[in-house]
Amino acid sequence: MNNGQPTQKEHQAPMKAATQQQQSLPVRARGSGFRDVAGMDELKQLVTEGFINVLNNRECAKAFGLTPPCLLLYGPAGCGKTFFAEKIAEEVNVHFMKVVPDDIASTLIHGTQEKIAALFKQAAKAAPTLIFFDEFDAMVPRCSNDDRNYQNGEVNEFLCMLNNAAEKGIYVLAATNHPERIDKAVLRTGRIDEIIYVAMPDAQARESLFRLTLSKLPIDDCINYTKLAELTNGYNCSDISYIVKAASRKMFNASILKQDEPYQVITQSLLEETIARKAPSVSSRDLREYERIRSEFSPKDAGCLYQPIGFH
């Protein structure tokens, strides 16, 4: 007898249904794929040969005993890891699910484990499905002695789901700024197969990024892209995107004040002024720490698949 009050089972049922409804559903990715990506040529080639070609030619891959590896992209913030992963999804004709930490968070005991299992179940039902886990370190953290009992179940659930996921038509990409915070058991082959370092953009990549982001905007005919690349040494992709947006915003406001005249164009001098006011997001101290992490995760065996590539 409960005096009209809902039982614990009745109370939890709608909560469980609500949490499941919040999870990402598989969708078909739409877009231009790698045509939207400036630079990263080595990374594009590696991912195309080892991942995209296998997905797009599954019968031939099966004959050679191949399935797409689970990939982890890591490196400094703002270097395009998430953007690149989304563009991979556009290159392959499969369903796509993007998952962030909040999607699997739960205040219920074992709630996160249930969400992880439900997520992979959805992916399997819509297979072939590409799942992208963003901020992966927050989902499978390296546990201390104090919190291992609490988090171990969640990590173990991920381990169980990642094991041989490709054989079920579930293909996994993940991205993180901090691979050193991920539980080591997750980084073993068969779970995460290849760990790829995405570095800061080099001069060629920065020039390509300026060309790409400015190509559809009202600009002056005399933009010196090479000089812009030189002036942004040490800037990441997000910094360059911000610089272009800031310059674009200024010319937008100038244009709406003169509505009867042609749009005010973005000039070389305006871009240089904007660069001068914007400091790089990633400090030299941060970069030294990433190089240390890179040396930890890059094996001594030069022939190993864990390649530190990306923007060079």
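**Close-up views of helix 12, a pocket and a cavity**

**View 1. Elements that cover the buried side of helix 12.** In this predicted model, strand 2 (71-74) and strand 6 (194-197) are among the elements that cover the buried residues of helix 12. Those buried residues are Tyr290, Ile293, Arg294 and Phe297. They lie on the same side of helix 12, because the arc they cover around the axis is only 105 degrees. An α-helix has 3.6 residues a turn, so residues three or four places apart point the same way. The face turned away from the buried side of helix 12 carries the exposed residues Ser284, Arg285, Arg288 and Ser295.

**View 2. The span of helix 12 from end to end.** Helix 12 comprises 14 residues, residues 284-297. At 1.5 Å a residue, helix 12 should span 20 Å, and this agrees with its end C-alpha atoms, which are 20 Å apart.

**View 3. Isoleucine 293 and its contacts.** Isoleucine 293 is part of helix 12. The relative accessibility of isoleucine 293 is 2%, and the residue therefore counts as buried, the cut-off being under 20%. Leaving aside residues up to four places away in sequence, isoleucine 293 touches Tyr74, Pro179 and Glu180. Proline 179 is 114 residues from isoleucine 293 in sequence, yet the two are 8.0 Å apart in space, C-alpha to C-alpha.

**View 4. The largest pocket and its lining.** The largest pocket holds about 300 Å³ of space. Its lining is made up of 15 residues, and those nearest the centre of the pocket are Asp36, Phe83, Leu209, Thr213 and Cys237. Helix 8 (203-214) and helix 10 (237-256) are the elements that give two or more residues to this lining. By character, the lining of the largest pocket consists of nine nonpolar residues, five polar residues and one charged residue.

**View 5. The largest cavity and the residues around it.** The model contains one cavity of 30 Å³ or more, and the volume of the largest cavity is about 30 Å³. The lining of the largest cavity is formed by Leu46, Val47, Gly50, Phe51, Pro69, Leu71 and Glu194. Helix 2 (residues 41-56) provides the largest share of this lining, with four residues. Five of the lining residues of the largest cavity are nonpolar, one is polar and one is charged.

Key:
Residues are numbered from 1 along each chain as its sequence is written. This is a predicted model: local features need pLDDT of at least 70, side-chain atom pairs count only at pLDDT 80 or more; totals for chains, interfaces and linings use all residues. Side-chain values use heavy atoms; hydrogens and water are left out. The expected span of a helix is 1.5 Å times one less than its number of residues. Buried means under 20% relative accessible area, exposed over 50%, partly exposed in between (1.4 Å probe, protein chains only). The arc is that of the directions from the helix axis to the C-beta atoms. Contact means heavy atoms within 4.5 Å. On a 1 Å grid over the protein atoms alone, a cavity is a set of points where a 1.4 Å probe fits but cannot get out, and a pocket is an open set with protein on both sides within 12 Å along at least five of seven lines; lining residues have an atom within 4 Å of a point. Grid points are joined across faces, edges and corners, and a volume is the space filled by probe spheres set on the points. Ala, Val, Leu, Ile, Met, Phe, Trp, Tyr, Cys and Pro count as nonpolar, Asp, Glu, Lys and Arg as charged, and the others, Gly among them, as polar.
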